[in-house]
Amino acid sequence: MRTIFLGAPGTGKGTQASVLAEKYNIPQISTGDILRQAVSEGTELGKQAKSIMESGGLVSDDIIIALIKERLARPDCASGYILDGFPRTVPQAQSLDDILQDSAPIDGVVYFDVPEEIIITRLTSRRVCSKCGYIYNLITDPPSEDGKCRICGGEIMQRDDDKEETVRNRLKVYKEKTAPLKDYYLEQQKLYVVDGTRNVDQVRADIDKIFQKFSKA
Ligand code: AMP
């Protein structure tokens, strides 16, 4: 099960990837999470990525491709993975095809379809537990009344890049750089569209059906 979750920020890719990665016992590979960890640890990668991420821009293709190449070579990727937030540009997608040339190709790409105004509302109301990473939404899935995480009691925070101005920039960057990937994978006949406006369980059921098709192919 080698799959890519494609879609604008805030379309639910991360939420679905974490649930389905656990269910299918494969790693969720989120380049955003890897970069955020590097920033919090203050590594060389983190120093290079920090200001770019804060402005909602994209980290350079070279850095991201090297990072993904190393990650996909690890043994836990042998029976599959969910790529969440990668590729984000056509050169990244082409490099991924090159990297996988000597092993197994991607089975399919799940595209999360959500209108822009819904995305803006979702992202600006998104909150994250600073301790366990659980993703809340102030409207649909709020944290407990004392503002703490329901799971671990950790502090709830808003990602800097979920503030409205940055969200608008991230969507602009998405349209320019990432949206063309839809055609890229359509041409490869690998694109599967899900309606990301449905609730979390419905979307998960739709993706489950798509995964069944991959395993039969
Ligand atoms: P995400 O959590 O996927 O929304 O990613 C957060 C931020 O990390 C993005 O706004 C980018 O600045 C950076 N980032 C994550 N993945 C990539 C990627 N594949 N290419 C370039 N930048 C990325």
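What covers the buried residues of helix 6? The cover includes strand 5 (126-129) and helix 7 (164-178), judged by contact, that is, heavy atoms within 4.5 Å. The structure is a predicted model, in which local features need pLDDT of at least 70, side-chain atom pairs count only at pLDDT 80 or more, and totals for chains, interfaces and linings use all residues. Residues are numbered from 1 along each chain as its sequence is written, and side-chain values use heavy atoms, with hydrogens and water left out.

Helix 6 itself spans residues 116-124, and its buried residues are Ile-119, Ile-120 and Leu-123. Here buried means under 20% relative accessible area, exposed over 50% and partly exposed in between, with a 1.4 Å probe and protein chains only. Helices (H or I, at least four residues) and strands (E, at least two) are DSSP runs, numbered from the N terminus. Ile-119, Ile-120 and Leu-123 lie on the same side of helix 6 because they cover an arc of only 100° around the axis, the arc being that of the directions from the helix axis to the C-beta atoms. An α-helix has 3.6 residues a turn, so residues three or four places apart point the same way.

Helix 2 (residues 31-41) can be described in similar terms. Its buried residues are Thr-31, Gly-32, Leu-35 and Ala-38; they share one side of helix 2 because their arc around the axis is only 125°. These buried residues pack against strand 2 (28-30), helix 3 (44-55), helix 4 (61-72) and strand 3 (81-84). On the face turned away from the buried side, helix 2 carries the exposed residues Ser-40 and Glu-41. Gly-42, just after helix 2, takes a positive phi of about 70°.

Helix 4 also packs with helix 5 (residues 90-99), at an angle of about 30° and with the axes 10 Å apart. Helix 4 is therefore roughly parallel to helix 5, a label for angles under 35 degrees (over 145 counts as roughly antiparallel, 65 to 115 as roughly perpendicular and the rest as oblique). Axes are lines fitted to C-alpha atoms, for helices over the stretch in contact, and angles run from 0 to 180 degrees between N-to-C directions. Among the residues that meet are Ile-68 and Leu-72 in helix 4, and Ser-95 and Leu-96 in helix 5.

Leaving aside neighbours within four places in sequence, Leu-96 is in contact with Ile-4, Leu-72, Leu-83, Phe-86, Pro-87, Ile-106 and Tyr-185.
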